[in-house]
Amino acid sequence: MGTSIAYHLAAAGVRDVVLVERDELASGSTSKAAGGVRAQFSDELNIHLGARSLEAFGRFQEEIGYDIGLHRVGYLFLLSTPEEVASFEESVRLQNSLGVPSRMITPKEARKLSPLISIDGLLAAAYSPDDGHCTPEAVVHGYASAARALGVRILRHTEVTGIELHGSTITAVSTTLGRIATGTVICAAGPWSRAVGAMAGVELPVVPLRRQIAVTEPVKGLSADLPMTIDFTTSLYFHAEGPGLLLGMSDPGERPGFATDPHDRWIPALYAAMERRAPALLDLRRTGGWAGLYEITPDHNALIGEARSVSRFLYATGFSGHGFLQGPAVGEVVRDLCLGRVPFVDVSPLSADRFAADAPRPEANLV
Ligand SMILES: Cc1cc2nc3c(=O)[nH]c(=O)nc-3n(C[C@H](O)[C@H](O)[C@H](O)COP(=O)(O)OP(=O)(O)OC[C@H]3O[C@@H](n4cnc5c(N)ncnc54)[C@H](O)[C@@H]3O)c2cc1C
């Protein structure tokens, strides 16, 4: 988010953008993501943000000059209950009305696309060939490099420690490298956004939650076209990662917190899900993995907007597990909010004020 917003601002002619990162670029959640990019959502806003970002990922190499390892192999959601099927049918109708080429398919068609699955008990699947996956760090470094070339100053290993206010007006940001005079702050601090918001007295309800990924040994005969495959009932997902697979699943036993050390408590549930939906995966040796943080909000949808109580404190955070794929579009939107332009889509329903106004914006199609 930070590098995308900085790039989009600089490309629009803003000449005094400073990006402050306390660690290395892409050291937060982004480098831990599975890299899935999609427009298959239930919420109209997420469909718009996903589809717009897919377009940007598609022209990234040409526009930004970086190979991001984009594989347009599609997302395949496997559905095992009548409720899931009904909900996805409704989402597919909405997606189609917005130009997304998703469709419902039969279990047999699903197995043809993703041969490692079992279709026992499967009722249907939802598939969109435009979706896929790419390499998160490459996207961050691409945007950072393009932003730098346009004059953005990127301060690494520099922590934001405070935000100075005069009344409700921002006057400066304090960092471990010194004070930066500014009237505008954009918070894109991922799972750590609540603390950055609090520096300005702005409530950003973002909670960190550890999620884990495993990678496997090379898979014989693995198709380069294997879609990102998700068993929606258990949340088990996998896609090709080099010659092997990258696998993930939510862990209901996980409690909120900033810990990112990997552990094996989730493995029995992972193997149970494989046994049920993709037994072929049980034969694969796990060769590694990692843990990162989802940045969860109460309705599992993003917070994008400008604070009401503090002038020119903008935020783009709380993406609840689908933030990497929205980076390009949100960069455009936040640029426009910052410059007082009308964004390509009205994101006001994603304001952090929605919880106080009792107007949540739930997203149903979560991985
Ligand atoms: C296992 C896993 C799998 C995922 N898979 C996907 C996926 O397939 N597709 C998808 O779209 N999303 C996925 N996500 C979610 C995605 O990673 C996030 O939504 C997204 O990366 C959020 O990006 P961000 O820029 O908001 O936050 P981050 O990438 O966390 O960036 C925030 C940055 O702020 C910095 N920072 C924090 N506080 C300060 C401070 N005080 N001063 C200076 N710097 C500070 C941090 O160091 C960090 O680099 C996944 C996440 C995980 C953990």
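**Burial, fold and ligand shell**

Colleague: What percentage of the 367 residues in the chain is buried?

Modeller: 51% of the chain's 367 residues are buried. The word means under 20% relative accessible area, with over 50% being exposed and anything in between partly exposed (1.4 Å probe, protein chains only). Keep in mind that this is a predicted model: local features need pLDDT of at least 70, side-chain atom pairs count only at pLDDT 80 or more, and totals for chains, interfaces and linings use all residues. Numbering starts from 1 along each chain as its sequence is written, and side-chain values use heavy atoms, with hydrogens and water left out.

Colleague: Why is Ser-53 called buried?

Modeller: Its relative accessible area is 0%, and the cut-off is under 20%, so Ser-53 counts as buried. Ser-53 sits in helix H2, residues 44-58.

Colleague: What makes the pair between the side chain of Ser-53 and the backbone nitrogen of Ala-329 a polar contact?

Modeller: The distance is 3.1 Å. A polar contact is a pair of N or O atoms within 3.5 Å; within protein, one must be able to donate a hydrogen and the other to accept it, and residues adjacent in sequence count only if both atoms are side-chain atoms. So 3.1 Å falls within the limit.

Colleague: Why is the chain called as compact as a globular protein of that length?

Modeller: There are 9 helices and 18 strands (DSSP runs, at least four residues for a helix of type H or I and at least two for a strand, E, numbered from the N terminus). The radius of gyration is 20 Å, close to the 21 Å from the globule rule for 367 residues, so the chain is as compact as a globular protein of that length. The radius is taken over C-alpha atoms, and the rule is 2.2 Å times the number of residues to the power 0.38.

Colleague: Which residues are closest to the ligand?

Modeller: Glu-21, Ser-29, Thr-30, Glu-295 and Leu-325 are the closest of the 35 residues around the ligand; a residue is near if one of its heavy atoms lies within 4 Å.

Colleague: How do you know that Glu-21 and Glu-295 make polar contacts with the ligand?

Modeller: A ligand oxygen is 2.6 Å from an N or O atom in the side chain of Glu-21, and for the side chain of Glu-295 the distance is 2.5 Å. Both values are within 3.5 Å, so each pair qualifies.

Colleague: Which strand gives the most to the shell around the ligand?

Modeller: E16 does, with 4 residues.
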